[in-house]
Amino acid sequence: LRRELITPKGGSGGGPGEGFDVAKTGDARVGFVGFPSVGKSTLLSNLAGVYSEVAAYEFTTLTTVPGVIRYKGAKVQLLDLPGIIEGAKDGKGRGRQVIAVARTCNLILIVLDVLKPLVHKKLIEHELEGFGIRLNKQPPNIGFKKKDKGGINFTATCTQSELDAETVKSILSEYKIHNADITLRSDVTADDLIDVVEGNRVYIPCIYVLNKIDQISIEELDVIYKVPHCVPISAHHRWNFDDLLEKMWDYLKLVRM
């Protein structure tokens, strides 16, 4: 079921999507993901000087708006994606197309509104996870190789807290795999194993951009700075953009030669 969610069955039937996916340009691609009205378009306009429609109502942006920014000699493509809502991974509010474009990015910026609770962060993570995107994670260290015969060969190079030969066999038989070599090189969970067997997961670094800091106090700002992978900014007043660009550079792992 999950796999069918990620790769829909052949024949879209509804004709091509309207200008959703944008051709890749530049050295890296960064996508802005977030709920409606958190300031993604304002951020794009002020960072890249591209005009993306900005208004005080939700769902102003309806298709992907691309922009390019030059930083340290690299061309970075920024994509302002339409706002997603809860249930996006199940296709609500064109959420599927939005997340499909997010899958092609080298870095995802989750734009959050400081004034709204951190529950939003959890919701967006949940939507992206459900679509096979793993944020700020390394691919699990598992060797997996299908064979024609010989049954399941299970080896673990270190102690496993969750998986044993029986569990592995039962997970693989769910996928109708009865002959394979499995090597676990680190302590992994059942979900990690499923990710490897499915093989359609993408591992993307992610930065949480907390927007609208012009509306909170200094004390609150100090608390926010302790959240990992997070940069507080004000898109409207262009505060702290240097910090954001520097962090983007680090997370994209770009190197100047």
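**Exercise 1. Is phenylalanine 131 buried or exposed, and where along the chain does phenylalanine 131 lie?**

Step 1. In this predicted model, phenylalanine 131 is found in the loop that runs between helix H4 (119-129) and E5.

Step 2. Its relative accessibility is 2%, and because buried means under 20% relative accessible area, phenylalanine 131 counts as buried.

Step 3. For a distance across the sequence, take arginine 103, which is 28 residues away from phenylalanine 131 along the chain, while the two C-alpha atoms are separated by 8.7 Å.

**Exercise 2. Describe the surroundings of arginine 134, beginning with the element that holds this residue.**

Step 1. Arginine 134 belongs to strand E5, which covers residues 133-135.

Step 2. With a relative accessible area of 8%, arginine 134 is buried.

Step 3. Leaving out residues up to four places away in sequence, arginine 134 touches Glu129, Asp195, Arg201, Val202, Tyr203 and Ile204.

Step 4. One of these residues, aspartate 195, also makes a polar contact with arginine 134, side chain to side chain, at 2.9 Å. Aspartate 195 is itself among the buried residues of H6, which are Leu193, Asp195, Val197 and Glu198.

Step 5. Following H6 comes glycine 199, with a positive phi near 75 degrees.

**Exercise 3. Work out the strand order of the open sheet of three strands, and explain why one side of E6 and of E7 is left without a neighbour in the sheet.**

Step 1. The order of the three strands is E6-E8-E7, and the pairing is mixed.

Step 2. Strand E6 (142-146) and strand E7 (152-156) stand at the edges with a single partner strand each, so one side of each has no neighbour in the sheet.

Step 3. From one strand to the next, the twist averages 5 degrees.

Step 4. Strands of a sheet pair through backbone hydrogen bonds, in either a parallel or an antiparallel sense. Here E6 and strand E8 (residues 180-184) run antiparallel and are joined by five bridges; glycine 143, for example, has threonine 183 in E8 as its bridge partner.

Step 5. Helix H6 (residues 190-198) packs on this sheet, where H6 touches E6 and E8, and the direction of H6 makes about 40 degrees with that of E6. Helix H5 (residues 165-174) lies across E6, E7 and E8, and runs at about 135 degrees to E7.

**Exercise 4. Trace the open sheet of six strands, then place leucine 112 within one of its strands.**

Step 1. The strands follow the order E2-E3-E1-E4-E10-E11, again with mixed pairing.

Step 2. At the edges are strand E2 (65-71) and strand E11 (230-232), each of which pairs on one side only. On average, and with direction ignored, neighbouring strands of this sheet are turned by 25 degrees against each other.

Step 3. Within the sheet, strand E1 (residues 28-33) and strand E3 (residues 74-80) pair in the parallel sense over five bridges, and the partner of alanine 28 in E3 is valine 76.

Step 4. Helix H2 (residues 40-48) lies across E1, E2, E3, strand E4 (107-113) and strand E10 (206-211), with a direction at about 155 degrees to that of E3.

Step 5. Leucine 112 has its place in strand E4 and counts as buried at 4% relative accessibility. Apart from neighbours within four places in sequence, the contacts of leucine 112 are Val38, His120, Lys121, Ile124, Tyr208, Val209, Leu210 and Asn211. Leucine 112 and lysine 212 are 100 residues apart in sequence, yet 8.9 Å apart in space from C-alpha to C-alpha.

**Exercise 5. Which residues line the largest cavity, and which helix gives the largest share of its lining?**

Step 1. The structure holds one cavity of 30 Å³ or more, and about 40 Å³ of space lies in the largest cavity.

Step 2. The lining of the largest cavity consists of Tyr71, Val76, Leu245, Met248, Trp249 and Leu252. Helix H8 (residues 241-252) gives the largest share, namely four residues.

Step 3. Val76 also appeared in the six-stranded sheet, as the bridge partner of alanine 28.

**Exercise 6. Set these details within the whole chain: how many helices and strands are there?**

Step 1. The secondary structure comes to eight helices and eleven strands.

Step 2. Of the 257 residues in the chain, 44% are buried.

Step 3. Among contacts between residues at least 6 apart in sequence, 68% join residues at least 24 apart.

Methods: Residues numbered from 1 in each chain as written. Predicted model: local features only at pLDDT ≥ 70, side-chain atom pairs only at ≥ 80, totals over all residues. Heavy atoms only, no water. Helix = DSSP H or I, 4+ residues; strand = E, 2+ residues; numbered from the N terminus. Buried < 20%, exposed > 50% of the residue type's maximum accessible area, 1.4 Å probe, protein only. Polar contact = N/O pair within 3.5 Å; in protein donor to acceptor, adjacent residues only side chain to side chain. Contact = heavy atoms within 4.5 Å. Pairing = 2+ DSSP bridges. Axes fitted to C-alpha atoms, helices over the stretch in contact; angles between N-to-C directions. 1 Å grid on protein atoms, 1.4 Å probe; cavity = no way out; pocket = protein on both sides within 12 Å on 5 of 7 lines; lining within 4 Å. Points joined across faces, edges and corners; volume = space filled by probe spheres on them.
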